[in-house]
Amino acid sequence: MKYLTEFRSGEYARSLAHELAGLVEPGEQVKIMEVCGGHTHAIYRHGLEDLVPTEVEFVHGPGCPVCVIPMGRVDDAIALAERPEVVFATFGDMMRVPGARGSLLEAKARGADVRMVYSPLDALELARRHPDREVVFFAIGFETTAPATAVTLLRARAEQIDNFSVFCNHVTIAPPLRAILETPGLRLDAFLAPGHVSTVTGTRVYDFIASDYARPVVVTGFEPLDILQAVGMVLRQLREGRCMVENQYTRAVRDDGNPQALAALAETMRLRESFEWRGLGPIPFSGLRLAPAFAAWDAEHRFELPGARVADPQACQCAEVLVGAIKPPECRVFGTACTPERPLGTCMVSSEGACAAYYSYGRLGRGRAAQPV
Amino acid sequence: MSSPGVPCLTCADAATLGSVISVAEREATVETAAGLQRVAIELVAPVRPGELLLCHAGVALSRVSAP
């Protein structure tokens, strides 16, 4: 398919790798955070760590939407799912995320009516088909996913479907990046910004990283050549002493994003004063709730929720993984008490989680000495 | 639910490239690497057959074109 195959060319990848080698000084260390879990997955899937110079280290950011949901919100979801009148619709990976009371999958095994959907529009269709039930959609994700929820809410209102509601856990990308940049002692040289979030937000949302924190940012796509080219753009900025937001993913991302999607979000959702992130704690104005005009479709208005804050398991070091302070294998339970089959922390649940990517692609103890180029 | 090694297409904040095959009111049928999908097009309308769209969670998010 156009824009896919040409961005997976091994020949160009090797050529880019040679180019990258000339953009670093021997012995220097460059830490680049790839913010998005999709990038983390692509880096491991395509073996890109072995194509960039050994001086470049990828640090895995907080951009996996599953990984950042705190246990208390999972418990709230389970409480909703266990209500006898509720059909609880969720994306697949959220079914395995452990809360203090187990997971949605375990709640389903106990008899809760939990259904996996691919789109919030599928949940709305469930509501149309089951007018005698209350269908609740577990909305998670960044600005990439939130517009789908917004479209669904607008359709629910237009059709006056009143047995549908949304348990909103959408989050925004900029506040956690600021929180990470404020972390004492953290050393990051640059960021690869998420391409698909940026199709909605545009590129200006990252300006503060360059202007306030003097770090280069490159918005990039998800194919291997996208990421390698973006690493080159980062290295050139560093080499030339520049700090700016550059857009590698120009075929999909415009500077002002998608105005129609932003308008749908503005109509249906509002920023929360604070939202808790797994591993990062409460971050001001980082989460979204439904707008007052959509209270009739807001599960938090329609149902009573426990709303308890639950601390992460002590053994789990997702918090340090999510801010890039440690690599997944450095976690004390990685691959032992915590595996993709039985995840203890959320970074092991989603395939976009840094721990699951490490585990799945055999990054355990792999030496960096041999470069294939 | 995703398997190890397979990108999560449901919850992941990733999007899928699809070529528009047909358009009907507020939805389009797109051909992706994984087959045909129906997606809502309110956020990118108007849409024409042959155009490339980035789609996520059943909704088209962006039009893809030569920079």
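Me: Which residue in strand 9 of chain A stands opposite Val218(A)?
Reply: This is a predicted model, in which local features need pLDDT of at least 70, side-chain atom pairs count only at pLDDT 80 or more, and totals for chains, interfaces and linings use all residues. Residues are numbered from 1 along each chain as its sequence is written, chains are lettered from A and ligands numbered from 1 in the order in which they are written, and side-chain values use heavy atoms, without hydrogens and water. Strands are DSSP runs of E of at least two residues, and helices are runs of H or I of at least four, numbered from the N terminus. Opposite Val218(A), in strand 9 of chain A, stands Glu246(A).

Me: Over how many bridges do strand 8 and strand 9 of chain A pair?
Reply: Two strands pair if DSSP finds at least two bridges between them. For strand 8 (residues 217-220) and strand 9 of chain A, the pairing is in the parallel sense and the number of bridges is three.

Me: What is the order of the open sheet of five strands in chain A?
Reply: Strand 2 (56-63) and strand 9 (245-247) of chain A are the edge strands, each pairing on one side only. With parallel pairing, the order in chain A is 2-1-7-8-9.

Me: How far from Asp75(A) is the nearest side chain of opposite charge?
Reply: Asp75(A) belongs to helix 3 (residues 71-81) of chain A. Asp75(A) is buried, meaning under 20% relative accessible area with a 1.4 Å probe, protein chains only (exposed is over 50%, partly exposed in between). Asp75(A) has no salt bridge, a term for a side-chain nitrogen of Lys or Arg within 4 Å of a carboxyl oxygen of Asp or Glu. The nearest side chain of opposite charge, Arg101(A), is away by 5.7 Å.

Technical notes: Lys, Arg positive; Asp, Glu negative; His and termini not counted.
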